[in-house]
Amino acid sequence: MTRTGFVIANLWRKKTRTVLTLLSIVTAFLLFGLLQAVNVLFSAGADFVGATRLVTQARVSFTQSLPMRLLPQIESVPGVERVMWSQWFGGVWQENTQLIIQAVDPARLRDVYPEIVMPNAQWKAFESTRTGMVVGRNLANQYGWKIGQKVPIASNIFPQKDGSKAWTFDLVGIFDGKDEEWQRNTSGGWINFAYFDEANQFARGLAGVYIIRLSDPDAASGVAATIDDMFENSPDETKTQTERDFNIGFFKQIGDIGLIVRWILFAVFFTLLLVVGNTIAQSVRERIPELAILKTLGFKDGAVLGFVLAEAAALCVIGGLVGLAIATPLGVVITKASGGYLPLAVDAKVWLTGAIAVVVLSLAVGLLPALRAKRLTIVDALAGR
Amino acid sequence: MRSPHGSEPVSDAMVQVHNVHKSYVRGKQTVEVLHGLSLEIPKGDFVALMGPSGSGKTTLLNLVGGLDTPTSGEVRVGGERIDQLSGGRLAEWRARNVGFVFQFYNLMPVLTAEANVELPLLLTNLSAAQRRKSVAIVLEVVGLADRARHKPKELSGGQEQRVAIARALVSDPAILICDEPTGDLDRRTADEILGLLQVLNREHGKTVVMVTHDPKAAEFASRILHLEKGQLLEQAAAA
C-alpha cells in the first residue's frame, strides 16, 4: 500500500456518495467547458484571419438598412471580388411558424456563395422569375414543399403596396450545401430582391447588409477598414466584420452573453462548492477517530492535512478532467449542429482555465476540512470530544 | 529503545514520570487530573494501571505514550525527555518508539488487515517488499496470517484486536501502550489477547503498560499500579 492507495481507499469508502459527487463535478465542468467556450467566443476581438467573406452593416445596428448607393463604392475597394446585398424578409408560414427568408439578387448570391449547390436550371429560373423563391433542402423537407408550387408567406415587417401582409411566391428551386456543414445550413430561403423592392410598401433601394466576397483572404482586415473609413462621418456609417463575427452578433442581441455566462458559471460553481464542500466536510467529520489514529501512529499534522486535501483534489481533478473531456467533442458537435453559427471550441485556453478552476475548487472545498483535520488533538478526538 | 540524542542519560527505567501535573480546561473550569505523580517502569516490565473512572489512568497512559504533554513535570521514556518535544518531533518519536492498542481497535475500515498493519511503515524508508515482509511476520506472530486480505468488518472482535496489536508491533517499538485492550471482548478472547501481550512481553522483551478495569486482565501483568484521584496508591505484584 502507498499513501496514494490510502487516499484512493478513503475516496471509495462510500461508493454511492463518491460517484454522485463525481457526477456533480463532471456536470459542472461539462457546463464550464461549454460556457467558457461561449465566453471566449463572445469576448474575443475581431478575427479576420482566413475570412473569405465580409459583412457590412449599418454601424448602429444591423436592423438599420443601408442605401443601395453604397454598392459601387464598396465594389471599388481593392480586394473586393463580388458584392451581394440582402434584405431580411423574415416570413411567417401558416399559423405562426417563423421562417428565415431574405431578399437577394440571385446572380450575385450564386457568385458570393459558391457553397450553395442547386441545378443550373433552377438558378436560371430564380433569376428569371420575379416572384420566384428558392429554399434549402431542410426547409423544403420540413414542410413538404415541391418545386412549382405556390408558397403563401406572411410578413410582419414588410406589407405589400396594398397593405396586405400576405405574399405568394413561386418555388423555383431547392438548394443543398456543398458539404455536410453547408447541408445542415439549409433551413432558410431566398426571394428575388427586384420583386420585393418593387412590391413592398415602404422599403425602397435599401439593403439590410452587404456581403462581400474577397479576392484575397489576407486582405480581409484591410478591406474592412477601408470600407468603414470610406463611410465614416457620413449619414450611413458602416461596420464591416467577418461572417463569423456577424453571426455571433445575432446571438449578442439576447444581451451581454459574457455576463450571462459568467453568472451561470458562478451559480454552477457556488452550488458545486456547497455540494462537494459538504461531502468532504462530512467525510472528515465521520472519521475524526481515524484521523486521530493516523496522528497516534506518527503521521504529522501536515500529513493528515495532505490526506484530506488530496482526497478533495482527487475528486475535483477526476471530475474536472472527465467533464472537460466530454465538453471537448460536444463543442464540436454543437458547432456542426449549428451549421457553424455557434463555433464552440473547448480548446487549450478553456482547458487552462478549467485547470485553474480545478485547483481553486480543490482548495475551496478541501482546505477548511483539511485544516480541521490538521488541528484536531489526538486525546480529544479519541475521547469523542 | 532508540534515542536520537546520544547525550541523553541512559537508565534501566523505560518510563520515568517525575512530579507530573496535568490539568484540563473544561468550559470555564480547570480540572487537575494528575497531582504531582511520579512513577518508574523498568524495561521489559508489564504494568497494569487500575483505578476508578476519572482517576487519571488514561491521562497517565497518554502522557507516557506521547499523545499528550503534562502541564508540569517530566516524562522520560527510554531516556528521552518527551514532555519537551514539539508536536512534530513527538509524532516522529511515537512512530519510532511506541505501539498503541485501544479498546475499540481503531482500525481503518477501508483497509485490509495487512494494509492496516502496513500503515505505520509508510513513515519509514522501507521498500514495498520490505514492508510486505514485516507485515507478514507480525501477522504470523499474532496468528492472523490467513486473514491478511480481510477487512476489519470481516473479522471478529478478537481478530480485529490482533490486527491492532500487529499494527502496534510492526515498527518494532520498545513499549506497547494498551488502553483497555480487552474491554470490548468476551472472557475467552480477552484471555487470548492478554496471553499474546504476555508473550510479547516475556519472549520479545516489549515493555507493556496497560490500563484496565478488569482485575482478571490485570493478573496477566507483572505489576499492578492503582491510581485514585490522580495519585498513585500502591504497587502490587501480580502473577
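Which rings do ring pairs link into a cluster in chain A? The legends below start from that group and then turn to other parts of this predicted model.

**Figure 1. Ring pairs build an aromatic cluster in chain A.** The cluster contains A:Trp85, A:Phe89, A:Phe158, A:Trp167, A:Phe169, A:Phe193, A:Tyr195, A:Phe196 and A:Phe202. Over all chains, the count of aromatic pairs comes to 23.

**Figure 2. A:Phe158 and A:Phe196 meet edge-to-face.** The ring centres of A:Phe158 and A:Phe196 are 4.9 Å apart, with 85° between the planes. A:Phe158 belongs to the loop between β7 (150-154) and β8 (166-177) of chain A, and A:Phe196 to helix α8 (residues 193-199) of chain A, so the pair ties together parts 38 residues apart in sequence. Both A:Phe158 and A:Phe196 are buried.

**Figure 3. Helix α12 of chain A is largely enclosed by the rest of the structure.** This helix spans residues 288-297, and nine of its ten residues are buried. The buried positions include the aliphatic residues A:Ile288, A:Leu291, A:Ala292, A:Ile293, A:Leu294 and A:Leu297. A:Glu290, A:Lys295 and A:Thr296 are also among the buried residues of the helix. Just after α12 of chain A comes A:Gly298, which has a positive phi of about 120°.

**Figure 4. Chain B is as compact as a globular protein of its length.** Chain B holds seven helices and ten strands. Its radius of gyration is 18 Å, close to the 18 Å that the globule rule gives for 239 residues, so chain B matches a globular protein of that length in compactness. Taken along the principal axes, the C-alpha atoms of chain B fill a box of roughly 45 × 40 × 40 Å. Of the 239 residues, 53% count as buried. Among contacts in chain B between residues at least 6 apart in sequence, 70% join residues at least 24 apart. The accessible surface of chain B is about 10,300 Å², and carbon and sulfur atoms account for 48% of that area.

**Figure 5. Chain B packs against chain A through an interface that buries about 2,100 Å².** Carbon and sulfur atoms carry 70% of this buried area. In the chain B side, B:Met108, B:Val110 and B:Leu122 lose the most area to chain A, together 25% of what that side buries. The contact set consists of 25 residues of chain B and 22 residues of chain A. For the complex, the predictor gives an ipTM of 0.90 and a pTM of 0.72.

**Figure 6. B:Ser171 sits in a loop of chain B.** The loop lies between α5 (157-169) and β7 (175-179) of chain B. Buried or exposed, how does B:Ser171 count? Its relative accessibility is 15%, and the cut-off for buried is under 20%, so B:Ser171 counts as buried. B:Gly44 is 127 residues away from B:Ser171 along the chain, and their C-alpha atoms are separated by 17 Å.

**Figure 7. Confidence varies along chain B.** The mean pLDDT of chain B is 89, with 93% of its residues at 70 or more. Among the elements of chain B, helix α3 (residues 113-118) has the highest mean pLDDT, at 96. Strand β10 (residues 231-237) of chain B has the lowest, at 69. Over residues 1-9 of chain B, pLDDT stays under 50. For this stretch the model has 23 contacts beyond four places in sequence.

Technical notes
Residues are numbered from 1 along each chain as its sequence is written. Chains are lettered from A and ligands numbered from 1 in the order in which they are written. This is a predicted model: local features need pLDDT of at least 70, side-chain atom pairs count only at pLDDT 80 or more; totals for chains, interfaces and linings use all residues. Side-chain values use heavy atoms; hydrogens and water are left out. pLDDT is the predictor's confidence in each residue, from 0 to 100. Helices (H or I, at least four residues) and strands (E, at least two) are DSSP runs, numbered from the N terminus. Contact means heavy atoms within 4.5 Å. Rings of Phe, Tyr and Trp (its six-membered ring) pair if their centres lie within 6.5 Å; planes under 30 degrees apart count as stacked, over 60 as edge-to-face and the rest as tilted. Buried means under 20% relative accessible area, exposed over 50%, partly exposed in between (1.4 Å probe, protein chains only). The radius of gyration is taken over C-alpha atoms; the globule rule is 2.2 Å times the number of residues to the power 0.38. Accessible areas come from the Shrake-Rupley method with a 1.4 Å probe; for residues, only the protein chains shown count as cover. Buried area is the accessible area (1.4 Å probe) that two parts lose on being put together, summed over both.
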